[in-house]
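Dear colleague,

I am passing on the structure below, together with some notes on its aromatic rings. Please read them alongside the coordinates when you have a moment.

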Amino acid sequence: PNYIVSNNDLVVAMPEDVRTTTNSNYAVPLIFNHTLSKVRFTFENGESSTFNMTVSDIKIDGAWNQGTLIVSKSAGGVVSPDWKFEDSHSKTGYTFSSTSLIVAKGTDYTEGFVIPQNIERLNVTFKITLEDTDKNTSETMNYTASLALALSSWTAHRAYNYKLSIAAHDIDSDLSDKIQFKLDYVDSWGTYSDKTLEPTQKGNL
């Protein structure tokens, strides 16, 4: 009942009612359903020929990472996971990737499983180190950004891709006003769709 999220997915199945007799042997069909959400953070280096970008300390603070799972099934056989939270449950949040992401060229990402929950007040924090390969200089900045964007909650069985892109003309002393957040999401664990939403908040710590 008091499940703590780890690096593994959590799936459940509720079998159909099957009438049997003493001498019968029936296979019981099982359809497994995801009970967690999956969150990915993708970082894009828009000027890899000049700057190396390192992203580290990616954290979601204050989120429920422990809860009680209640599973029910509708008359049509659809399994519905419902998470309940109590004061005794942990809200230490989530840490993504134990190592830094080296975004020298193109994009890189980290992802993990989270408990479906309201995210209207949740933020992600991270550090970005930009290294100017021509001038041999570097600068590290701390950032925080809202996870809600156009969403109010994470839903079970959905994957969310939060994207951050930094281009050459964005890199200045006030980078916090230049970073661009977008959100792609899909209805399942499949390939991320091309649905994008404009950010509602961005800034630095």
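Which residue lies over the face of tryptophan 64, and at what distance from the ring centre? In this model, which is predicted, that residue is lysine 91, at 4.8 Å from the ring centre. A second ring is covered in a similar manner, with arginine 40 lying over the face of tyrosine 109 at 3.9 Å from the ring centre.

Turning to contacts between rings, a search of the whole structure gives 6 aromatic pairs. One of them is formed by phenylalanine 43 and phenylalanine 126, which meet edge-to-face at 5.7 Å centre to centre, with 65° between the planes. Because phenylalanine 43 belongs to strand β4 (residues 37-45) and phenylalanine 126 to strand β11 (residues 123-132), this pair ties together parts that are 83 residues apart in sequence. Phenylalanine 43 counts as buried at 2% relative accessibility, and phenylalanine 126 counts as buried at 3%.

Phenylalanine 126 also pairs with tyrosine 143, and here the arrangement is stacked, with 5.8 Å centre to centre and 25° between the planes. This pair, too, links distant parts of the chain, since phenylalanine 126 lies in strand β11 and tyrosine 143 in strand β12 (residues 137-146), 17 residues apart. Tyrosine 143 has a relative accessible area of 1% and is therefore buried, the cut-off for that term being under 20%.

Finally, Phe41, Phe96 and Tyr162 form one aromatic cluster.

With best regards

Methods. Residues are numbered from 1 along each chain as its sequence is written. This is a predicted model: local features need pLDDT of at least 70, side-chain atom pairs count only at pLDDT 80 or more; totals for chains, interfaces and linings use all residues. Side-chain values use heavy atoms; hydrogens and water are left out. Rings of Phe, Tyr and Trp (its six-membered ring) pair if their centres lie within 6.5 Å; planes under 30 degrees apart count as stacked, over 60 as edge-to-face and the rest as tilted. Helices (H or I, at least four residues) and strands (E, at least two) are DSSP runs, numbered from the N terminus. Buried means under 20% relative accessible area, exposed over 50%, partly exposed in between (1.4 Å probe, protein chains only). A charge sits over a ring if NZ of Lys or CZ of Arg is within 6 Å of the ring centre and within 35 degrees of the ring normal.
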